[in-house]
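Visitor: Please take a close look at one part of this model, strand by strand, and then place a few side chains around it. I would like the cut-offs behind each term as you go.

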Amino acid sequence: MAKVELKQPVIDEISELIDGAATVVLADYRGLTVAEDTDLRRQLREAGVTYKVYKNSMMNFAFKDTEFADLSQHLAGPTAIAVCKEDATAAARILAKFAKNAEALEIKGGVVEGVYYDAAGIGTIASIPARDELLATLLGSLKSPMADFARVIKQIAEKDGEEVAEEAKTEEAPAEEATEEKADDAKEEATEEKAEEAPAEEEKAEETAEEPAEEEKAEEATEEEAPAEEAEETAEETEETPAEEEAEEEAPAEDAE
């Protein structure tokens, strides 16, 4: 089997790996310990970055006629490739941060969003916060003016509400005064009516009290008249009795004759 046929699967694998990638960064990993290499791979994997080591010749074939062709100039010595298809700064950020503590790791260059950057350029890209952090910062910057605007609107609404309430109170005050005046007038009228009704009630009470007195007087007069009448009747009867006796006496005399 020809060497080309043996190399083609690896070239296809690299081509598939970089296809549609947001970032491709090359680094020299010579001098890293096994523990450091393991830790670096773990951090890259957690950030969604694929980290591989291929022969320079294989990567050179894969980069040919692509937007990553400028990386071929860095294919000398041991070279590792870090690829990320979503976060454009993740690979550069993690490699640059790790290189601060592991001096053996050296960034060669990379392509970010179709643009080639040398080691210094990748270092600048690495200083850009992660996508989530940028979104959070953006939302925070948008939220602050919106919050200020909402607070101002609320203050205006509260101020308008207080003015409306004061106007309502001002309008209600005359109405309350008028109601109180009406209530006072009604009380005065009721008091006057009671005052007018009081003498009438007293007169009625006096008349009511006088009626029993007159009845008593009438009864007393009746009682006084009754003995007088009886006395007259007795007198008349007394007068009639002698007359009757005289008549009776005369009657025998006539019979004797």
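**The sheet and its inner strand**

Guide: Of the 257 residues in the protein chain, 22% are buried; buried stands for under 20% relative accessible area, exposed for over 50%, and partly exposed for the range in between, with a 1.4 Å probe and protein chains only. The model is predicted, so local features need pLDDT of at least 70 and side-chain atom pairs count only at pLDDT 80 or more, while totals for chains, interfaces and linings use all residues. Residues are numbered from 1 along each chain as its sequence is written, and side-chain values use heavy atoms, with hydrogens and water left out.

The protein chain holds 6 helices and 5 strands. Both kinds of element are DSSP runs numbered from the N terminus: H or I over at least four residues for a helix, E over at least two for a strand. Read from the N terminus, the order is α-β-α-β-α-β-α-β-β-α-α.

The part to look at is the sheet. Its 5 strands are arranged as β2-β3-β1-β4-β5, with antiparallel pairing, and the sheet is open. At its edges are β2 (50-53) and β5 (115-118), each of which pairs on one side only. On average, neighbouring strands are turned by 20 degrees against each other, direction ignored; axes are lines fitted to C-alpha atoms, for helices over the stretch in contact, and angles in general run from 0 to 180 degrees between N-to-C directions. Two strands count as paired if DSSP finds at least two bridges between them. In general, strands of a sheet pair through backbone hydrogen bonds, either parallel or antiparallel.

Strand β1 has a partner on each side in that order. With β3 (residues 80-84), strand β1 (residues 23-28) shares 5 bridges, and the two run antiparallel. Within this pairing, Val24 has Val83 as its bridge partner, and Val25 stands opposite Ala82. With β4 (residues 106-112), β1 pairs over 6 bridges, again in the antiparallel sense; there Leu26 faces Gly109.

How many of the residues in β1 are buried? The count is 6 of 6, so the strand is mostly covered by the definition of buried given above. Side chains in a regular strand alternate between the two faces of the sheet. In β1, Thr23, Val25 and Ala27 point one way, whereas Val24, Leu26 and Asp28 point the other, and all are buried.

Two loops that adjoin strands of the sheet hold residues with positive phi. Asp65 sits in the loop between α3 (56-63) and β3, with phi near 65 degrees. Asp65 is exposed, because its relative accessible area is 75%. Glu113 belongs to the loop between β4 and β5, and its phi is near 55 degrees. Glu113 is exposed as well, at 56% relative accessible area. Most residues other than glycine have a negative phi.

A third loop, between β3 and α4 (90-101), contains Thr89. Thr89 has a relative accessible area of 9% and is therefore buried. Its side chain is joined to that of Arg93 by a polar contact of 2.7 Å. A polar contact is a pair of N or O atoms within 3.5 Å; within protein, one atom must be able to donate a hydrogen and the other to accept it, and residues adjacent in sequence count only if both atoms are side-chain atoms.

Helix α2 (residues 34-46) offers two further contacts of this kind. Arg42 is placed in this helix, and its side chain makes a polar contact of 2.6 Å with the side chain of Asp39. Arg42 is partly exposed, because its relative accessible area is 35%. Asp37 also lies in α2; a polar contact of 2.8 Å joins its side chain to that of Arg41. Asp37 counts as buried, because its relative accessible area is 18%.
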